[in-house]
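Trainee: Could you take me through one part of this protein in detail? I'd like a close look at how its helices pack together.

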Amino acid sequence: MGITDVLCQALQQKSQDILNAMNLVTSTKTLIQKSRDDGWGTLLEEVISFCKHQDIEVPDLDACFSSVGRSRRKTKSVTIEHHYRVDIFTAIIDQQLQELNSIFNVQAIDWVWVSFL
């Protein structure tokens, strides 16, 4: 999640002007959304490559995922890949977007643009 790290570092600079900061927020939100929409395949390829290079066994992503602690009667049949893609990858990105949107909502960003132009 280096995208948000760059934003955090930039916002901590005392010389940061408000227009540049809002531009960074907007572009960061766009990059995070793009990662959510299109980034899974690239991330998966990088993880598999890393695992192979480190001799780490990669699970069969098409196998059924079963969670410890779930009742077998209520278990949904999902693949391991689905679990990692939807339940983890997408969920974490959605949380980041929600947090950025709550702190820097559209009205606040629009107000800054209008005020300083």
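Mentor: Here is a walk through the helix packing, starting with the whole chain and then going pair by pair.

A word on the ground rules: this is a predicted model, so local features need pLDDT of at least 70, side-chain atom pairs count only at pLDDT 80 or more, and totals for chains, interfaces and linings use all residues. Residues are numbered from 1 along each chain as its sequence is written, and side-chain values use heavy atoms, with hydrogens and water left out.

The protein chain has five helices and zero strands, where helices (H or I, at least four residues) and strands (E, at least two) are DSSP runs numbered from the N terminus. Along the sequence that reads α-α-α-α-α. Of its 117 residues, 24% count as buried; buried means under 20% relative accessible area, exposed over 50%, and partly exposed in between, with a 1.4 Å probe and protein chains only. Take contacts between residues at least 6 apart in sequence, and 62% of them join residues at least 24 apart; contact means heavy atoms within 4.5 Å.

Now the pairs. Two packed helices are described by the angle between their axes and the distance between the axes. Axes here are lines fitted to C-alpha atoms, for helices over the stretch in contact, and angles run from 0 to 180 degrees between N-to-C directions.

Start with α2 (residues 18-38) and α4 (residues 80-103): their axes come within 10 Å and cross at roughly 160 degrees. That makes α2 roughly antiparallel to α4, given that angles under 35 degrees count as roughly parallel, over 145 as roughly antiparallel, 65 to 115 as roughly perpendicular and the rest as oblique. The crossing of α2 and α4 is left-handed, meaning the near helix is turned anticlockwise from the far one by less than a right angle, with clockwise being right-handed. On the α2 side the contact uses T28, K29, I32, Q33, S35 and R36, and on the α4 side F89, T90, I93, D94, Q96, L97, L100 and N101. By class, that's five nonpolar, six polar and three charged; Ala, Val, Leu, Ile, Met, Phe, Trp, Tyr, Cys and Pro count as nonpolar, Asp, Glu, Lys and Arg as charged, and the others, Gly among them, as polar.

Two α4 residues are worth a look. T90 lies in helix α4 and is buried, with a relative accessible area of 13%. Not counting residues up to four places away in sequence, T90 touches R36 and R85. Leaving aside its own neighbours within four places, L100 is in contact with L7, T28, K29, I32 and N105.

L100 turns up again in the largest nonpolar core, where V25, I32, I93, L100 and F104 touch the most other members out of 15 residues. A nonpolar core is a set of buried Ala, Val, Leu, Ile, Met, Phe, Trp, Tyr and Cys residues joined through side-chain atoms within 4.5 Å. The elements giving two or more residues to this core are α2, α3 (40-53) and α4, and α4 gives the largest share, five residues.

Finally, α3 against α4: their axes come within 12 Å and cross at roughly 120 degrees, and the two are therefore oblique to each other. This crossing is right-handed. W40, L43 and L44 of α3 meet E81, Y84, R85 and F89 of α4, a contact with five nonpolar, no polar and two charged residues.
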